Amino acid sequence: MDQGSDVEPPEEYWVIAFFKSYSKNKTYYRQFMAAGFYEAFDTVMTFSEKTSCQILWYKEKRKCDSKFTKLGIPLLESFCTFCNKEFNNIEPIKCNYEKNDFSCKSEFCSLDCKQEHFYFKHIR
Ligand SMILES: [Zn+2]
Ligand SMILES: [Zn+2]
């Protein structure tokens with residue numbers, strides 16, 4: 001599907017609803033930042049792979065009912081690229097390594113993991 005435009009979609013909050021695998025009685029909600037559908041899709045896929053949660057839906061926060069969004073939704077847990085540990089950081093430690101057209105989007109639970117990742121991926 002080619003949308004035929006070079007315009008980057010704006011970064012905005014998305015909301016995801018899911019079941020945890022062991023309990024289908026309760027729906028969980030989280031929010032996360034993404035620029036456009038494809039980035040949101042990536043985030044959701046990574047999340048479902050790493051947690052085995054069952055995704056119900058996800059959409060832009062501005063398209064959600066305001067009664068619902070006023071509740072305050074916790075941020076989606078991230079997973080450390082290096083050690084896979086779950087963390088919930090408002091400002092995750094990012095790699096931000098850039099070379100030519102490539103920019104590394106990896107995120108880490110600690111500076112140690114960032115250093116290890118940096119060494120193995122970008123220096124060695
Ligand atoms: Zn880590
Ligand atoms: Zn990196």
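Domain bounds here come from an automatic or database domain assignment. On that basis the protein is divided into domain 1 (9-76) and domain 2 (89-124), and the centres of domain 1 and domain 2, taken over C-alpha atoms, are separated by 24 Å. The model is predicted, with local features needing pLDDT of at least 70 and side-chain atom pairs counting only at pLDDT 80 or more, while totals for chains, interfaces and linings use all residues. Residues are numbered from 1 along each chain as its sequence is written, and chains are lettered from A and ligands numbered from 1 in the order in which they are written.

We can begin with the sheet. Helices (H or I, at least four residues) and strands (E, at least two) are DSSP runs, numbered from the N terminus, and two strands pair if DSSP finds at least two bridges between them. An open sheet of three strands follows the order β2-β1-β3, with antiparallel pairing. Because β2 (23-35) and β3 (54-60) stand at the edges, each with a single partner strand, one side of each is left without a neighbour in the sheet. From one strand to the next, the twist averages 20°; for angles of this kind, axes are lines fitted to C-alpha atoms, for helices over the stretch in contact, and angles run from 0 to 180 degrees between N-to-C directions.

Strand β1 (residues 11-20) and β2 run antiparallel and are joined by nine bridges. A hairpin of two residues makes the connection from β1 to β2. Along this pairing, Glu12 has Ala34 in β2 as its bridge partner, Tyr13 stands opposite Met33 in β2, and Ala17 faces Tyr29 in β2. On the pairing with β3, β1 is again antiparallel, and six bridges join the two strands. There, the bridge partner of Phe18 is Ile55 in β3.

Within β2, Arg30 is a handy residue to look up in the model. How buried or exposed is Arg30? A residue is buried if 20 or more other C-beta atoms lie within 10 Å of its own, exposed if 12 or fewer, and partly exposed in between, with C-beta atoms placed from the backbone. Arg30 has 18 other C-beta atoms within 10 Å, so it is partly exposed. The C-alpha atoms of Arg30 and Val15 are separated by 5.8 Å, although these residues are 15 residues apart along the chain. Two residues are in contact if their C-beta atoms, placed from the backbone, lie within 7 Å. Leaving aside neighbours within four places in sequence, Arg30 is in contact with Ile16, Ile73, Pro74, Leu75 and Leu76.

The helix comes next. Helix α1 (residues 36-51) packs on the sheet and touches β1, β2 and β3, its direction making about 140° with that of β2. The expected span of a helix is 1.5 Å times one less than its number of residues. For the 16 residues of α1 this gives 22 Å, and the end C-alpha atoms are 23 Å apart, which agrees.

Which residues of α1 are buried? They are Ala40, Val44 and Phe47. These residues cover an arc of only 60° around the axis, which puts them on the same side of α1; the arc is that of the directions from the helix axis to the C-beta atoms. What covers the buried residues of α1 includes β1, β2 and β3. Turned away from this buried side, the other face of α1 carries the exposed residues Tyr38, Asp42, Met45 and Glu49. Just after α1, Ser52 takes a positive phi of about 55°.

Two asparagines also have positive phi values. Asn96 lies in the loop between β6 (93-94) and β7 (98-99), and its phi is near 60°, a positive value in a residue other than glycine. With 11 other C-beta atoms within 10 Å, Asn96 is exposed. Asn100 is placed in the loop between β7 and β8 (102-103). Phi of Asn100 is near 50°, again positive in a residue other than glycine. Asn100 has 5 other C-beta atoms within 10 Å and is therefore exposed.
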